[in-house]
Amino acid sequence: MIRFIHTADIHLDTRFTGIRDESKRKQRRAEHRHCFTRIIDIAERVQPDFLLVAGDLFEQTHFSPDTINFIVRQLERVYPLPVFVVAGNHDLLVAGSPYLTWEWPSHVHIFKDGQFQSIALKDEVVIHGASATQQSGFLNLLRNYNVPQDERIHIVLFHGSEATDRRAAEQWGSWLPFTSEDILSSGADYYALGHYHSFRSIPFQQKEVKGYYPGCPEPTKLDETGPKYILKLKLEKGRPIQVEKIQVQSRQYREEIIDCDGFKDRNQILERIREFGNKDDVAKIILEGYPDPALELDLETLRESAKDWFFTV
């Protein structure tokens, strides 16, 4: 049996465009760093056989050298634990990418090709990884890719969209697309995916679980509500996957719907908003219904009045 940690979609240096206050955006970027530190803390404590990072570790268009040095320093803490990293569509493997230009610790393996490469680990595990590139981004790499059928445990690691779930593919965009049939036919024991920001098993809506999207460990957009995770897994050849979800986020994003039917004045809306107040949360408030025509619905005034009840609203 092997034990490992699977994470993805950390998005260090993301811009947080949904948050208006620049000081709050800076705070959220700092909290993303704390999230990555907690992931490394867990790896240090749990001592798994290896750590998998399935893309979008940072933002290629916004990263700072300080952030890459921070990542490297954190990964150095878990030496000699093997760490396997693939690039996603936000940390794309392009010319000038830190994946190609930075000096990474010897125990960190970055897959530097847009096609699958294989790395054997202690003759019992093989990691098959492919990074997202400008050339490969819209290709189905998994179709016709078959892992050897032997006694070793085979894990496929990449950042892609399961096209069978059309709603998710439309929401997050098609990148290294694949189907449920591709998963079932390629023969791996586990598929370590990134790209979709919510926890979900693969193949889509099938009883036999062959892998997971862990989702983002720290929310980045207002619609990324609820708890967020990294995954601690146990895997034995020919046996069901054992998974434990570990919550590591600094704060939750929430969406609350207020039915304004019959409301006479703005304060009735504020009273309802205040009921949901939590200074640690990022909140998206949706107003529905048919209030009295005389009600003055000034969204900026509502937001200003409610801002102290949430981290941001």
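Start by selecting His11 and Glu59: their side chains make a polar contact, at 2.6 Å. Keep in mind as you go that this is a predicted model.

**Around His11**

Stay on His11 and colour the flanking elements. His11 sits in the loop that runs between β1 (2-7) and α1 (22-46). Is His11 buried or exposed? His11 is buried, because its relative accessible area is 4%, below the 20% cut-off for that label. Now show its surroundings. Not counting residues up to four places away in sequence, His11 touches three other histidines, His32, His90 and His197. Asp56, Leu57, Phe58, Glu59 and Thr220 complete that list of contacts.

**Into the nonpolar core**

Leu57, one of the residues touched by His11, leads to the next stop. Leu57 is among the residues with the most contacts inside the largest nonpolar core, together with Phe36, Ile71, Leu75, Val83, Tyr99 and Trp104. That core has 32 residues. Select α1, β2 (50-54), α2 (65-76), β3 (83-86) and β4 (108-110), and you will have elements that each supply at least two residues of the core. Which element gives the largest share? That is α1, with seven residues.

For a closer look, centre on Leu75. Leaving aside neighbours within four places in sequence, Leu75 is in contact with Phe36, Ile40, Val83, Trp104, His107 and Val108. Apart from this core lies another, of 22 residues; select Phe4, Phe50, Val125 and Leu235, which are among them. As a general pattern, nonpolar side chains in soluble globular proteins tend to be buried together.

**Across the open sheet**

Switch to a cartoon view and pick out β5, β6, β7, β8, β10 and β9. In that order they make an open sheet of six strands, with mixed pairing. The edges are β5 (117-121) and β9 (200-202), each of which pairs on one side only. From one strand to the next, the twist averages 20 degrees.

Begin at the β5 edge. β5 runs antiparallel to β6 (residues 125-129), and five bridges join the two. To see one pairing, select Gln117, whose bridge partner in β6 is Gly129. Then follow the chain through the turn: β5 and β6 form a hairpin with three residues between them. Which residue in that turn has a positive phi? Lys122 does, at about 55 degrees.

Finish with β7 (residues 153-159) and β8 (residues 190-194). These strands run parallel and are joined by five bridges. Select Leu157 and you will find Ala192 of β8 standing opposite.

How values were computed:
Residues numbered from 1 in each chain as written. Predicted model: local features only at pLDDT ≥ 70, side-chain atom pairs only at ≥ 80, totals over all residues. Heavy atoms only, no water. Helix = DSSP H or I, 4+ residues; strand = E, 2+ residues; numbered from the N terminus. Buried < 20%, exposed > 50% of the residue type's maximum accessible area, 1.4 Å probe, protein only. Polar contact = N/O pair within 3.5 Å; in protein donor to acceptor, adjacent residues only side chain to side chain. Contact = heavy atoms within 4.5 Å. Pairing = 2+ DSSP bridges. Axes fitted to C-alpha atoms, helices over the stretch in contact; angles between N-to-C directions. Core = buried A, V, L, I, M, F, W, Y, C linked by side-chain atoms within 4.5 Å.
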